[in-house]
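Biologist: I would like to go through this model with you, one contact at a time. Shall we begin with the strands?

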Amino acid sequence: MFSFFRKKDQYGNEVLTQTAPITVAASREGIATQSRPFGPETIIPLATEPTEPQQNESQQYDLSLLKIEVQTNHDSLSAAEEQAAMLHANSQLSAAISILEADRPEFIGQRRLEPWLMLFELYQQQDNREAFDALALEFVMTFEKTPPIWRQHSQHQAQPASTSAYYAFPAKLGIETIEKEAKQFLALRKKNPNIRVDFSKVQKIDALGAAELVAVLPRRNKEQGQLQLIGAQNLITLISNKIEVGRRIPAEAPFWLLLIEIHQILGQQEAFENLAVDYAITYEVSPPSWDIAQAPKDSQQIALDEAKARAELANEADQEAQLIGIITAEQPQLIQKMADLVSDQEVTTLDFSRIDRIDFESAGQILNLAMTWLQQGKQIRIININELVLGLLRVMGIADMLQMERRK
């Protein structure tokens, strides 16, 4: 596919250097790499004692079936580093560690970061803090600088999604919009009775809008689930300015009832009861009664509940824009998310700080995406890549097409 790489000669002129494809076969026992630079065929074994893979115990990954031709160049990774990256792609962490440990005499005295960073990442993903710390001490003695820092697992794992749905009402709630909004809200509530309702954007509401909200925001019970209000104070302020004790105007009754309902949902029993009495006096009716199923809450608890709801929304928005976990054939949504993040942008930065691994098949799909992006003239930059994923992207030739930055 890409059989030529640009290189500079001794005079600084660009020349094309031909390289030969390598064929990668992965199994539970290991990976062998065949290459034909310009001479006889050579085979790099992965173990001192080769084993014959059993038909029922090994899985062969033939990249030709994926229409991927893997290329390498002369100033890329060492053989051990390539093999470690490919074993990691196949989720064989212990085998990858063994390859690098066996190669330790070759790199221990060199100021070459790749094998060190690969080992750090492998120990991290194995949750082997003891080996990580021991390697960190050697790293300091060799490079005389700060080693990588141990990461907490939560930093690279997606947080559990909230069990509550979310609905935000628009700026205007009146005759033009309220019927549509009410239908959409009720449809969502039917699917998930636990809903976070956001009134932060509401700037205008008329009597019809208030009446519809009273109808679709019934008091909490076991069948209806839990309503959690965000921006409730904004709506309370809007409604409070539209009513007055003793001013009995039928068109204003929906504002009274909506305000009473909001206090009920929030758990503000004292405010509820005071407003209910004012409503009864104004309209000469019996006051609404407090639903004892709703436990009263103080202002501090209400503020904490809203802060928690806003934090959950922010976390969900962050996860929606992030690539998190491992990119494998079993999780094609991450490949699609990459394509979506790039789709309408000429210049895009993809953050891989929370990507732990990419398998061969997914790397092939990324290669196809990279070729498409190049043809479209897009500038794609991938940052914060762990060393093993970066190694795979280098072996596959993807690093020659897109800008790559390893994790700092």
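Modeller: Gladly. Keep in mind that this is a predicted model. Strand 9 pairs with strand 11 (residues 227-230) in the parallel sense, over 4 bridges.

Biologist: Which residue of strand 11 stands opposite R196?

Modeller: R196 belongs to strand 9, where it is buried along with D198 on one side. Strand 9 and strand 11 are parallel partners. Across from R196, in strand 11, stands Q228.

Biologist: How many bridges join strand 7 to strand 9?

Modeller: These two strands run parallel. One facing pair is A165 opposite I195 of strand 9. The number of bridges joining strand 7 to strand 9 is 4.

Biologist: Are the faces of strand 9 covered or open?

Modeller: In a regular strand, side chains alternate between the two faces of the sheet. In strand 9 (residues 195-198), I195 and V197 are on one side, and R196 and D198 are on the other. All four are buried, so both faces are covered.

Biologist: Now for charges. How many salt bridges are there?

Modeller: Side chains of opposite charge can pair when their charged atoms come close. For a salt bridge, the cut-off is a nitrogen within 4 Å of a carboxyl oxygen. By this rule, the count is 16.

Biologist: How far apart are the closest N and O atoms of R112 and E81?

Modeller: The two residues form a salt bridge. It links distant parts of the chain: R112 is in the loop between helix 3 and helix 4, while E81 is in helix 1, 31 residues apart. The closest N and O atoms are separated by 2.7 Å.

Biologist: Is E81 buried or exposed?

Modeller: Buried means under 20% relative accessible area. Its partner R112 has 24%, so R112 is partly exposed. E81 has 2% relative accessibility, so E81 counts as buried.

Biologist: Which residue meets R151 in a salt bridge?

Modeller: R151 has 12% relative accessibility and counts as buried. The N to O distance in this salt bridge is 3.1 Å, and the partner is E121. R151 lies in the loop between helix 5 and strand 7, and the partner lies in helix 4, so the bridge ties together parts 30 residues apart in sequence. At 4% relative accessibility, the partner is also buried: it is E121.

Biologist: On to the rings. How many aromatic pairs does the structure hold?

Modeller: Two rings pair if their centres lie within 6.5 Å. F272 and W290 qualify at 5.3 Å centre to centre. The total for the structure is 15.

Biologist: Is the pair of F272 and W290 stacked, tilted or edge-to-face?

Modeller: F272 is in helix 10, and W290 is in the loop between helix 10 and helix 11. F272 is buried at 0% relative accessibility, and W290 is buried at 13%. Planes over 60 degrees apart count as edge-to-face. Here the angle is 75 degrees, so the pair is edge-to-face.

Biologist: What is the angle between the planes of Y279 and Y283?

Modeller: Both residues are buried. They are 4 residues apart in helix 10, so about one helical turn separates them. Their ring centres are 5.2 Å apart, the pair is tilted, and the angle is 40 degrees.

Notes: Residues are numbered from 1 along each chain as its sequence is written. This is a predicted model: local features need pLDDT of at least 70, side-chain atom pairs count only at pLDDT 80 or more; totals for chains, interfaces and linings use all residues. Side-chain values use heavy atoms; hydrogens and water are left out. A salt bridge is a side-chain nitrogen of Lys or Arg within 4 Å of a carboxyl oxygen of Asp or Glu. Buried means under 20% relative accessible area, exposed over 50%, partly exposed in between (1.4 Å probe, protein chains only). Rings of Phe, Tyr and Trp (its six-membered ring) pair if their centres lie within 6.5 Å; planes under 30 degrees apart count as stacked, over 60 as edge-to-face and the rest as tilted. Two strands pair if DSSP finds at least two bridges between them.
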